[in-house]
Amino acid sequence: MLASCTMLFAQPGTLIRIGTAHTDLFLNVGEDGRLYQAYLGPKLQQPLVIQALPRSEHLAYVSFGTDNLFEPAIRITHEDGNPSLELNYVSHQVEKQDDNVTLTHIRLKDPQYPVEVILHFKAFEREDVLEQWTEIRHQEAKPVVLYNYASSLLHFDAAHYWLTQFHGDWAEEMKMQENELSSGIKIIDTKLGSRAHMYQTPVFFLSLNQKSDENSGELIAGTLGWSGNFRFLFEMDEKNSLRVISGINPFASEYTLQPGKSFITPAFIFTYSNQGKGLASRNLHRWAVNYGIMDGDKPRLTLLNNWETTFFDFDEPKLTALLDDTKQMGLDMFLLDDGWFGNKYPRNDDRAGLGDWQENKSKLPNGIGYLVKEAEKRNVKFGIWIEPEMINPKSELYEKHPDWILKLPNRPEHYYRNQLVLDLTNPLVQDFVYQLVDGMLTRFPGIAFFKWDCNRMMTNAYSPFLKNQQSHLYVEYVNGLYQVLDRLRSKYPHLPMMLCSGGGGRVDYGAMQYFTEFWASDNTDALERVYIQWGYSNFFPAIAVCNHITSWGKQSLKFRTDVAMMGKMGYDIQIKELNAQEQAFSKEAIQNYNRLKDVIWRGDLFRLVSPYEENRAVLMYVNDSKDKAVVFAYTLNARFGESFNRVRLQGLDPERSYTVKEINVSPNGSSVLPATDNAHTGEYLMNMGLPVSAGQPLTSVVVEITAQ
Ligand code: DGJ
């Protein structure tokens, strides 16, 4: 509901202010009628300073074909073949959505052609986050072709620019790299289509003048809400000015836009901080919990998953035993993974059955319904894995609908994990995917959770549905996916769903509008996980990041448990292989987690010691009222004679007294934290710190801090 809406026509020189509690973005209308970016930085308080902002030469949304000499935000060809676009300011509108959210829409128009570009901004006052996206429309007699259509263009003027990016591959997601930008263009992008973020996650920090650390430095943190090909382009010009152009990757994606239709880009989401990366992450976390992810304010389910313990090899008795384990451990839900379907081509490995979503009769003679009932009997919930966008050539679906598959008509099929991608641009395929989920929920209303997987990228991609508009494929695939998810969400608004893509191969805030959480990586070795989770923590809140305790890594159960706790904890381990002591430890850890999860999920994160800088990682979460905090300290390695300094905590109330208690103490071990540290004031904890790091490699300490 809109509280207020104002339409404005600015004069040359007028400033348009798009601000949050601590940030301002000013745009101004130049003498030439164009729109310029006048300022982006800390909030300006004094009217005189605002009036004195220097004249800017930075066009707010640079077009191609007239006088621009650098990478444009937009490039189009008109129906008469003219490749130029000029954009002049026409008007803008400010809508106050509520006391926290303000929308600003700025209308630009070409003086020669009936082409309009609307720049949309959404400012989140309290979270200090801005979203920016673009709408392009025209009334030419015939279609125009869009070649570039960025969501956002931002300008910076600094002496140096440091870019932090996060890249990886299967089982090695979110590796952090920081480099100084040099003159010319640096691009972070993906062309993978479906499992789009397998090599590059659409997130970055851009530090201005010098490198930022957790608590100091000026930077923006940026991300794109789009589950397909993205591109961040950083161009430094001859004057050392930097343009950051963010949006869908225009590569092989020219888009034919019909008259009267709108092309709407996804949102570029960013926050500005002049107090380092830590504040930027906290801003994004708060925004994500309040606006960016599905049901950020709702609880999540702890779970037992069967993937790493059974893989495809299970039957009813094995699964019912796992339901018993779920109950016995005090977990909320059992999640049945891949392998439950396919009859003509049973899904006994990854070579067959994908697409045939009927229960496999020999593994599950009594079907899903039986498992749902067995779960209900034990008072635990039942969740299930699907991979609805994909198909094995060895499947009945393939035999029935070869025209539903992305593949070139005149070249051999190209497989990855023995599978192909369905053509989600086709409304019939969208219906099929919708009906798979809707059908299962209708038949088995007791299903409480879906894990939605997507194990391959696009290669040899050709859409039989799009015919001679193949360059729309990458865009329309994602739109098709969102259409299905929109339909599902309007019928099942609160059903928890985990986003998965062979681990973290598709993690972005476009998808997170529909998903409550994501599977961060198939790599569950707890040592690797410290780095992977550290990476995600820069942009995504702990409530969204699923961490499971498994047998992949050979570290102690305590270490694995403590690592999984800094997110949405689950288990994927043979409970029966844990001895009595380990089971007791785990049950207590689950209780500890249940007590502390709200602090972890929705508290402020302070990354205290980076695993990229020391042989350990230390981080903590503090709740809003500063009366509860939890510290996680992981010793990754310890060289001969190496000892670790005390760690100063952050985010507490200096005036208050706190009880300090080590929890998750290992079955045979004793507390690492000296008894003398069992109570301190916030001032002490934040200045003297705590000796939280154990001296042995692959050990960990969890400390619960409670205001007295
Ligand atoms: C990839 C996922 O990341 C795994 O967790 C598991 O669900 C497998 N797919 C199943 O095929």
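A polar contact, as the term is used here, is a pair of N or O atoms within 3.5 Å. The model on display is predicted, and the tour begins at its ligand.

Select Gly503 together with the ligand. A polar backbone atom of Gly503 lies 2.9 Å from an oxygen atom of the ligand, so the pair falls within the 3.5 Å limit for a polar contact.

Next, show the side chain of Lys451. An N or O atom of that side chain is 2.8 Å from an oxygen atom of the ligand. Then add Asp338, where a polar side-chain atom is placed 2.6 Å from an oxygen atom of the ligand. With these contacts in view, turn to the surface of the ligand: taken alone, the ligand exposes 300 Å², and the protein buries 98% of that area.

Now widen the selection to the full shell. There are 13 residues around the ligand, and those that come nearest are Asp337, Asp338, Lys451, Asp453 and Asp522. Colouring the shell by class shows 6 charged, 4 nonpolar and 3 polar residues.

Leave the ligand and display the internal cavities. The structure holds 4 cavities of 30 Å³ or more; the largest of them has a volume of about 100 Å³. To find the largest cavity, select Arg34, Leu59, Tyr61, Ser63 and Leu87, which lie nearest its centre among the 13 residues of its lining.

Finally, colour that lining by class. The largest cavity is lined by 7 nonpolar, 3 polar and 3 charged residues, whereas the shell around the ligand has 4 nonpolar, 3 polar and 6 charged residues.

Key
Residues are numbered from 1 along each chain as its sequence is written. This is a predicted model: local features need pLDDT of at least 70, side-chain atom pairs count only at pLDDT 80 or more; totals for chains, interfaces and linings use all residues. Side-chain values use heavy atoms; hydrogens and water are left out. On a 1 Å grid over the protein atoms alone, a cavity is a set of points where a 1.4 Å probe fits but cannot get out, and a pocket is an open set with protein on both sides within 12 Å along at least five of seven lines; lining residues have an atom within 4 Å of a point. Grid points are joined across faces, edges and corners, and a volume is the space filled by probe spheres set on the points. Ala, Val, Leu, Ile, Met, Phe, Trp, Tyr, Cys and Pro count as nonpolar, Asp, Glu, Lys and Arg as charged, and the others, Gly among them, as polar. A residue is near a molecule or strand if one of its heavy atoms lies within 4 Å of it. A polar contact is a pair of N or O atoms within 3.5 Å; within protein, one must be able to donate a hydrogen and the other to accept it, and residues adjacent in sequence count only if both atoms are side-chain atoms. Accessible areas come from the Shrake-Rupley method with a 1.4 Å probe; for residues, only the protein chains shown count as cover.
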